[in-house]
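I sat down with this model to look up a few spots and jot down what I found. Here are my notes, in the order I took them.

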Amino acid sequence: MKKFNKVLALGMAGSMALSMAACGGSSSTSASTSTDGSSTSTAAPTAAPSKDVVTLKWVAVGSGMPSNYDAWLAQINPYLEDKIGVNIDMDVISWGDWDTRRNVIVNTSGEYDILFTNVNTYNNDVNTGAFLDITDMVKEAAPELYASVPEDYWKACEVGGRVYGVPTYKDSSQSEYVVWDKAKIEAAGYDYTKELGITDLDELTAPLKAIKDTDGEASFPLNKNGGGYQSYMYDQLGAGLYPLGVRYDDSEGKVVATVEQDDMKQILKTFHEWYNEGIINSDAATRPEDANYKACSIAQGWSGAAITSWGPQLGVECVAQKWGPTIVSNETVRGSMNCISANCAYPEKALQFLQLVNTDTYVRDLFYYGVQGDNWDYTDDSKTFVHKNNADWSMAGYTQGSFFAITPTDDFDFNQFDEVKELNEKAEPSVLLGFTLDTTSIADELANCIQIAERYKGELLTGTADPEVMVPQMMKELRAAGFDKIVAEAQSQVDAFMATNK
């Protein structure tokens, strides 16, 4: 789940004894930092010398660097150093800057050891050689990590039969919820308690309009990404091209233009109606980040998150309605991954570190909650519960590691992650779970089509433009750029996959 955004001041990294930077310019060299701060290249040993502490740089997305980052480093690094001889150096990039900065880092082989990644870019980045193949190494260097993630989820991360990223085992199936400010929706007189949830977003138009008319502002504000949930019922084949996909429950596996399908067309039409009604903000297509407050939104998560996360983030009491089925697919598993740079000098150390992030409760709590004694404390010596002292920690918990290693908080009488596990276990698998499109023969067409689709994305997915006009216009450009060739190649591969997986 995305956290709501509040950019905090950048903290300076604390001092680290006997440290070496772990990311080099190539797989055979590493950059070590001298006392004056300059970098020199040295031959990378196969293992870190025991007298040295390896410093790993992790680049992630969130609400910016925490203001108490120094204090956090002073807590976590001695623990990591004692456990595995590692210090961590975080670079948390704000949501609005993420796409641009992430692309620069990857495309210029920037210095990082671990990079947060998701379905939008994973397959393409693997094909460009950005990430390390960890298929065999993860089982040897981090066996507890490997055992903690279901086998199918590792399968969902395969590209060409090889694994290049560690999936974050959390709400790794996808359940979409309509999240309401409880006071606002009750005042609008809408019954949000219906057992079957929402099947048609049109039924939300009346209450959203009522809230908008009362408040005098958009009741369903969006940013330029438009949410991305319009096509969530389509498996996007790992291509990173949102107008391309196979519906998750299509037993025939037909590759289609998603934006031309009746179900997605109806959603796009509804969003355009909301935009015209003022339910969606007029600057949605250009707004870089989420609004701090939303009377209504759609979010991936679980019903309990309305109490534990969404409500506290908004500063109001929230309620949630489920929308659509719960699905597990390559896309949902790849919603949060962490990949090791192909240039990382100490990949085994990076995997050992990710093992702690995913399986060591104290490490997980420090990443998820922040500075112990400032942001949070254990309630007693048994460490059964965490008490949150404030909500100031700005790292995004969903980007880090397993939800099931987190100590629950004391402000609720239930463990919210029990529901997450249940949703994962009951999720309907995509017909293409484990399939990743080999884009070798269509790389140019795909790159051109992604560029075109992204150009239309802001207006189309926020409802700003009329889909009856924009979809044909976009598809005309896409087909001129080779979209039909992509479909034909994808269909051939899908047919072969389904024939061998019946």
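The entries below cover a small sheet, a helix and two single residues.

**Ground rules.** I am working with a predicted model, in which local features need pLDDT of at least 70, side-chain atom pairs count only at pLDDT 80 or more, and totals for chains, interfaces and linings use all residues. I number residues from 1 along each chain as its sequence is written, and the side-chain values use heavy atoms, with hydrogens and water left out.

**Entry 1, the sheet.** I looked up the strand order first and found β11-β12-β13, an open sheet of three strands with antiparallel pairing. Its edge strands are β11 (234-235) and β13 (256-257), each pairing on one side only. My strands are DSSP runs of E with at least two residues, my helices are H or I runs of at least four, and both are numbered from the N terminus. Two strands pair if DSSP finds at least two bridges between them.

I then followed the partners of β12 (residues 244-247). Two bridges join this strand to β11, and there Asp235 stands opposite Val246. Two bridges also join β12 to β13, where I see Leu244 opposite Ala257.

**Entry 2, the helix.** How many of the nine residues of α13 are buried? I get eight, so to speak of the helix (residues 361-369) as mostly covered is fair; buried means under 20% relative accessible area, exposed over 50%, and partly exposed in between, with a 1.4 Å probe and protein chains only. Among the buried ones I noted Arg364 and Asp365, along with Tyr362, Phe367 and Tyr369.

I checked both ends too. At the start of α13, a side-chain oxygen of Asp360 comes to within 3.0 Å of the backbone nitrogen of Tyr362. Just after the helix, Gly370 has a positive phi of about 110°.

**Entry 3, Thr436.** I found this residue in the loop between β19 (428-429) and α15 (443-461). Is Thr436 buried or exposed? Thr436 counts as buried because its relative accessibility is 12%. Its side chain reaches the backbone oxygen of Glu158 at 2.6 Å. I also listed what Thr436 touches (heavy atoms within 4.5 Å): Asn123, Glu158, Val159, Leu237, Asn330, Arg334 and Gln493, leaving out residues up to four places away in sequence.

**Entry 4, Tyr177.** I placed Tyr177 in strand β10 (residues 174-181). With a relative accessible area of 4%, Tyr177 is buried. Its C-alpha atom is separated by 8.4 Å from that of Gly324, and the two residues are 147 residues apart along the chain.

Technical notes. A polar contact is a pair of N or O atoms within 3.5 Å; within protein, one must be able to donate a hydrogen and the other to accept it, and residues adjacent in sequence count only if both atoms are side-chain atoms.
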